[in-house]
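Reader: I should like a close look at a single helix of this model and at its surroundings. Please treat the matter in one connected account.

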Amino acid sequence: MPSTVILEKTIYTIDQLEEMPLPQLALAGRSNVGKSSLLNKLTGRKNLAKISSTPGKTRSLNFYRVTPEEFYLVDLPGYGYARCSKTEREKWATLINRYLKNNPRLFGVVALLDSRLPPQALDIELITYIRAQGMDVFPVMTKADKCKQPVRSANQVAWQRLLGTEKPPLLISSHSGMNIDKLWQFFLDKFSAVQPHE
């Protein structure tokens, strides 16, 4: 992919949160859904986003600048991770809520869902919350290489019914590269749709 992606800003606390100058597309998902692996695969860089065998490594809002298009992919802290303290989980939730609310630059949230699992309560809560803010949610199912096709299809159909979408969520795999190009093009199309046209 011809785009260049660099990590421009990392935000850990609400007082560090400031208005960023470009349109933004956020990536949200459970702690072990594979966000870091996806970012690395999308950008063709092995260590752009740090991958850990311990879920919940992302503990900040990470703003990745995409050029020449000029927008941010924003990696949100993974949710549903039980090993950190309740206080820390609440701190992340507050930071994410503040970022999502009244953010005129945010043109959508990509909800990453584990294709091996039927719809989970935490994922449903996230999508319901984002929709309640009046924002577009784009469901994407990760780890498609790690389960058999009938399981993937059943979970796709379950999510499609639950979300009431025209098409089932896109299946991707950071390991095999399945539909990664298609997902990147989807990001670019969504960004293009929010640009002012002459």
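Author: The account below takes up helix H4 and then turns to the packing of two other helices. The model is a predicted one, and every value given here is computed from it.

Helix H4 covers residues 149–163. At 1.5 Å a residue, its 15 residues should span 21 Å, and the C-alpha atoms at its ends do lie 21 Å apart, so the expected and the computed span agree. Five residues of H4 are to be noted as buried, namely Arg 152, Asn 155, Gln 156, Trp 159 and Leu 163. Viewed down the helix axis, the buried residues of H4 fall within an arc of 105°, and they therefore line one face of the helix. Pro 150 and Arg 161, by contrast, are exposed, and they sit on the face of H4 turned away from its buried side.

The buried residues of H4 have several partners: they pack against strand E5 (106–114), helix H3 (121–132), strand E6 (137–142) and strand E7 (170–171). After H4 comes Gly 164, which has a positive phi, near 65°.

Elsewhere, helix H1 (residues 35–43) packs with helix H5 (residues 180–193) at an angle of about 85°, their axes being 10 Å apart. Because of that angle, H1 is roughly perpendicular to H5. On the H1 side the contact is made by Leu 38, Lys 41 and Leu 42, which meet Ile 180, Leu 183, Trp 184 and Phe 187 of H5. Sorted by class, this contact comprises six nonpolar residues, one charged residue and no polar residues.

Definitions and conventions
Residues numbered from 1 in each chain as written. Predicted model: local features only at pLDDT ≥ 70, side-chain atom pairs only at ≥ 80, totals over all residues. Heavy atoms only, no water. Axes fitted to C-alpha atoms, helices over the stretch in contact; angles between N-to-C directions. Helix = DSSP H or I, 4+ residues; strand = E, 2+ residues; numbered from the N terminus. Parallel < 35°, antiparallel > 145°, perpendicular 65-115°, else oblique. Contact = heavy atoms within 4.5 Å. Nonpolar A, V, L, I, M, F, W, Y, C, P; charged D, E, K, R; others polar. Expected span 1.5 Å × (residues − 1). Buried < 20%, exposed > 50% of the residue type's maximum accessible area, 1.4 Å probe, protein only. Arc of directions from axis to C-beta.
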